[in-house]
Amino acid sequence: MIVAVDGPAASGKGTLARRIATKLDFAYLDTGLLYRGVGMMVVDRGDSLDDAEAATRAALAFDPAMMDDPRLREDAAAQAASRIAGVPGVRAAMLDFQRKFGTFPPEGKKGAVLDGRDIGTVIFPNADVKLYVTADVTVRAQRRHKELLGRGTPSIYARVLQEMQERDQRDRSRSAAPLTIAPDAIVIDTSTIDVEAAFQKAMAPVLEKISRQNRAQ
Ligand code: CDP
């Protein structure tokens with residue numbers, strides 16, 4: 001079983017996806033880490049983030065072990081990711097890993113939850129459940145700002161907001177796998193609800209799908 005969770009930055013999709021995976025004992029993949037990893041590789045190699053060939057070369061050499069690099073959690077990695085994520089060669093290189101992860105989840109798990117931008121539209125267009133998690137951009141920027149301060153990273157709200165708007169714009173307007181709502185996705189707006197309420201909303205269609213599949217067996 002595949003649960004696809006897509007949405008813009010700081011919408012709460014990662015928290016939600018992780019909780020769903022824990023609840024169901026499914027494998028979980030934060031696909032943003034793949035693009036963050038490739039972005040950081042390009043920076044580390046001294047190449048330009050605007051060089052599509054350099055980004056594709058980095059993506060082809062990407063090792064999933066790099067996902068553990070703590071630098072990937074920083075905002076610089078998110079910005080770098082969004083600049084290379086529109087390169088078709090990068091997306092093609094990441095496709096196989098994601099499909100394998102979902103189709104053959106590690107540790108013999110019975111399903112997988114993947115979060116990203118194009119899971120329900122490109123990676124798994126036939127996912128069992130598709131969620132699109134969103135929130136007002138000012139709410140999302142506030143969340144990211146607080147998260148950064150909480151980690152002891154200096155942060156200016158206005159700057160976080162501006163960078164988030166730029167990143168959203170880039171992710172939505174690119175031609176390769178742009179961020180869009182799949183027609184069959186369930187939209188969860190977390191602007192005014194807490195994590196627990198969002199989790200309940202997300203679990204309802206997942207549990208319904210599981211019971212329908214059990215009945216069909
Ligand atoms: O958590 P947050 O939304 O801030 O970042 P993320 O999910 O780690 O994604 C970082 C960037 O990677 C996004 O802005 C996208 O440009 C890109 N990305 C993507 O293109 N496709 C994915 N499936 C996941 C991330």
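Helices in this account are DSSP runs of H or I with at least four residues, numbered from the N terminus. With that in hand, let's walk through the structure, which is a predicted model.

A good place to start is the ligand. The space it takes is the largest pocket. Around the ligand there are 18 residues, and R36, R91, R117, R167 and D171 come nearest. Sorted by class, this shell has nine charged residues, five nonpolar ones and four polar ones.

Which helix gives the most to the shell around the ligand? That is α2, with three residues. If you would like to find α2 in the view, look at residues 32-44. At least two shell residues each come from α2, from α4 (75-84) and from α8 (157-173).

Next, have a look at some individual contacts with the ligand. R167, one of the residues that come nearest, has a polar side-chain atom 2.8 Å from an oxygen atom of the ligand. In the side chain of R144, an N or O atom is 3.0 Å from a ligand oxygen. D118 brings a polar side-chain atom to 3.3 Å from a nitrogen atom of the ligand. As for cover, the ligand has 520 Å² of accessible area on its own, and the protein covers 95% of that.

Let's stay with R117 for a moment, since R117 is also among the residues that come nearest to the ligand. You will find R117 in the loop between β3 (112-116) and α6 (119-123). Is R117 buried or exposed? R117 counts as buried because its relative accessibility is 14%, and the cut-off for buried is under 20%. The R117 side chain also reaches the backbone oxygen of G7, at 3.5 Å.

K130 makes a nice companion to look at. This lysine lies in strand β4, which spans residues 129-134. With a relative accessible area of 7%, K130 is buried. Where does its side chain go? The side chain of K130 reaches the backbone oxygen of P125 at 2.8 Å.

For a contrast, turn to P70, in the loop between α3 (52-60) and α4. P70 has a relative accessible area of 59%, so P70 is exposed; the cut-off here is over 50%. To get a sense of distance, try going from P70 to A135: 65 residues separate the two in sequence, and their C-alpha atoms are 26 Å apart in space.

Definitions and conventions:
Residues numbered from 1 in each chain as written. Predicted model: local features only at pLDDT ≥ 70, side-chain atom pairs only at ≥ 80, totals over all residues. Heavy atoms only, no water. Near = heavy atom within 4 Å. Polar contact = N/O pair within 3.5 Å; in protein donor to acceptor, adjacent residues only side chain to side chain. Areas by Shrake-Rupley, 256 points an atom, 1.4 Å probe, with all protein chains shown as cover. 1 Å grid on protein atoms, 1.4 Å probe; cavity = no way out; pocket = protein on both sides within 12 Å on 5 of 7 lines; lining within 4 Å. Sits in = over half its atoms within 2 Å of the grid points. Nonpolar A, V, L, I, M, F, W, Y, C, P; charged D, E, K, R; others polar. Buried < 20%, exposed > 50% of the residue type's maximum accessible area, 1.4 Å probe, protein only.
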